[in-house]
Amino acid sequence: LYKSRTHAPIFDDLLAGIRRREGLIVLTGDIGTGKTTLCRAVLEQLDRQTLTTFVSDPYVSREDLLKMILVGFGVLSLDDFRTGRLSSASRPDLSYALSVFLKSLPPVQAFAVLIIDEAQNLSGPLLEELRILSDLEAPDKLLQVVLIGQLEFRTKLKLPEMRQLNQRVSVRGELDALNRDGVAGYIAHRLTLAGGGVDRIEFPPDAIDLIFHASGGVPRLINLICDR
């Protein structure tokens with residue numbers, strides 16, 4: 001992760017929000033601005049008592065989402081759902097299993113964090129499920145939910161039917177594209193990590209200008225252009 005002027009404060013806000021056990025956190029940004037990379041970098045800073053699971057495919061039912069969470073936290077295995085006793089489990093069955101797991105964490109000073117990527121694709125029922133999960137308390141929050149979405153997710157949260165969910169968001173971050181200086185710093189950062197130096201490869205100021213204008217400061221596009 002390159003901690004630009006945009007990325008660094010949002011990194012700090014997300015990390016602080018998780019450490020404060022905030023219930024619902026939202027990170028938005030345009031395609032390719034580094035949302036997922038930033039979130040994974042935040043997770044690397046958490047201690048071993050913070051259990052995490054990452055859901056990258058939001059095109060699922062409420063039951064399938066609960067199954068993915070249970071498998072992600074290691075509560076159950078895929079075999080339990082394929083051939084085991086939970087092969088035909090209902091949503092209440094799955095919710096109960098997750099609740100039992102989450103309530104077992106505070107006595108051992110452990111915490112659980114769920115990260116959902118591509119949150120703009122979440123259906124209304126799934127967002128309602130996540131709202132319910134983020135409300136679980138005993139007495140502290142039992143599950144923190146981090147939603148990562150494109151810019152349209154911010155608009156989606158403002159819809160009247162999303163009011164209950166939107167009111168529960170305690171930390172919000174939005175990633176912007178890099179400015180010209182940010183592009184120069186990003187390229188230098190990537191080259192350093194790859195073992196580069198002035199004796200191996202160099203992007204002069206004119207090249208930086210061209211890359212900035214061609215990419216619009218979007219890290220994913222900068223990567224593609226510089227790789228070529």
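D135 is partly exposed in this predicted model, with a relative accessibility of 26%. Its side chain meets that of R131 in a salt bridge, 3.2 Å from N to O. Through shared partners, salt bridges join D135 into one network with E128, R131, K141 and R168. From there, let's walk through the salt bridges, two helix crossings, helix α2 and a pair of buried threonines.

**The chain as a whole**

- The protein chain has 11 helices and five strands.
- Along the principal axes, its C-alpha atoms fill a box of roughly 60 × 40 × 35 Å.
- Of the 228 residues in the chain, 41% are buried.
- Among contacts with a separation of 6 or more, 76% are between residues 24 or more positions apart.

**Salt bridges around helix α6**

- The structure contains nine salt bridges, and the ones described here include residues of helix α6.
- R131 also pairs with E128, and the closest N and O atoms of this salt bridge are 2.6 Å apart.
- Both R131 and E128 belong to helix α6, where three residues, about one turn of the helix, separate them.
- The two partners differ in burial: R131 has a relative accessible area of 11%, so it falls under the 20% cut-off and is buried, whereas E128 is partly exposed at 28%.
- E129 forms a salt bridge with R62, with 2.8 Å between the closest N and O atoms.
- That pair ties together distant parts of the chain, since E129 sits in helix α6 (residues 124-134) and R62 in helix α3 (residues 62-72), 67 residues apart.
- E129 is buried, having a relative accessible area of 1%.
- R62 has a relative accessibility of 21%, so it lies above the 20% limit for buried residues and counts as partly exposed.

**Where α3 meets α6**

- The helices joined by the E129 and R62 salt bridge have axes that come within 9 Å and cross at roughly 45 degrees.
- An angle of roughly 45 degrees lies between the 35-degree limit for roughly parallel and the 65 degrees where roughly perpendicular begins, so α3 and α6 are oblique to each other.
- The crossing of α3 and α6 is right-handed.
- On the α3 side the contact is made by R62, L65, L66 and I69, and on the α6 side by P125, L126, E128, E129, L130, I132 and L133.
- By class, eight of the residues in this contact are nonpolar, three are charged and none is polar.

**Where α1 meets α2**

- The axes of α1 and α2 come within 10 Å, crossing at roughly 45 degrees.
- α1 and α2 are therefore oblique to each other, and their crossing is right-handed.
- H7, I10, F11, L14, L15 and I18 of α1 meet L38, A41 and V42 of α2.
- This contact has eight nonpolar residues, one polar residue and no charged residues.

**Helix α2 and its surroundings**

- Helix α2 spans residues 35-44, and its buried residues are K35, L38, C39, A41, V42 and L43.
- These buried residues pack against α1 (7-19) and against the strands β1 (24-29), β2 (50-55), β3 (111-116), β4 (143-149) and β5 (169-175).

**Two buried threonines, T28 and T33**

- T28 lies in strand β1, and a relative accessibility of 4% makes it buried.
- Leaving aside residues up to four places away in sequence, T28 touches K35, G149, Q150, F153, R154, G173, E174 and L175.
- K35, one of the contacts of T28, is also among the buried residues of helix α2.
- T28 and A119 are 91 residues apart in sequence, with their C-alpha atoms 9.0 Å apart in space.
- T33 is found in the loop between β1 and α2, and at 2% relative accessibility it counts as buried.
- With residues up to four places away in sequence left out, T33 touches H7, L175, D176, A177, V218 and P219.
- H7, a contact of T33, also takes part in the meeting of α1 with α2.
- L175 appears in the contacts of T28 and in those of T33.

Terms used
Residues are numbered from 1 along each chain as its sequence is written. This is a predicted model: local features need pLDDT of at least 70, side-chain atom pairs count only at pLDDT 80 or more; totals for chains, interfaces and linings use all residues. Side-chain values use heavy atoms; hydrogens and water are left out. Buried means under 20% relative accessible area, exposed over 50%, partly exposed in between (1.4 Å probe, protein chains only). Helices (H or I, at least four residues) and strands (E, at least two) are DSSP runs, numbered from the N terminus. Contact means heavy atoms within 4.5 Å. A salt bridge is a side-chain nitrogen of Lys or Arg within 4 Å of a carboxyl oxygen of Asp or Glu. Axes are lines fitted to C-alpha atoms, for helices over the stretch in contact, and angles run from 0 to 180 degrees between N-to-C directions. Angles under 35 degrees count as roughly parallel, over 145 as roughly antiparallel, 65 to 115 as roughly perpendicular and the rest as oblique. A crossing is left-handed if the near helix is turned anticlockwise from the far one by less than a right angle, and right-handed if clockwise. Ala, Val, Leu, Ile, Met, Phe, Trp, Tyr, Cys and Pro count as nonpolar, Asp, Glu, Lys and Arg as charged, and the others, Gly among them, as polar.
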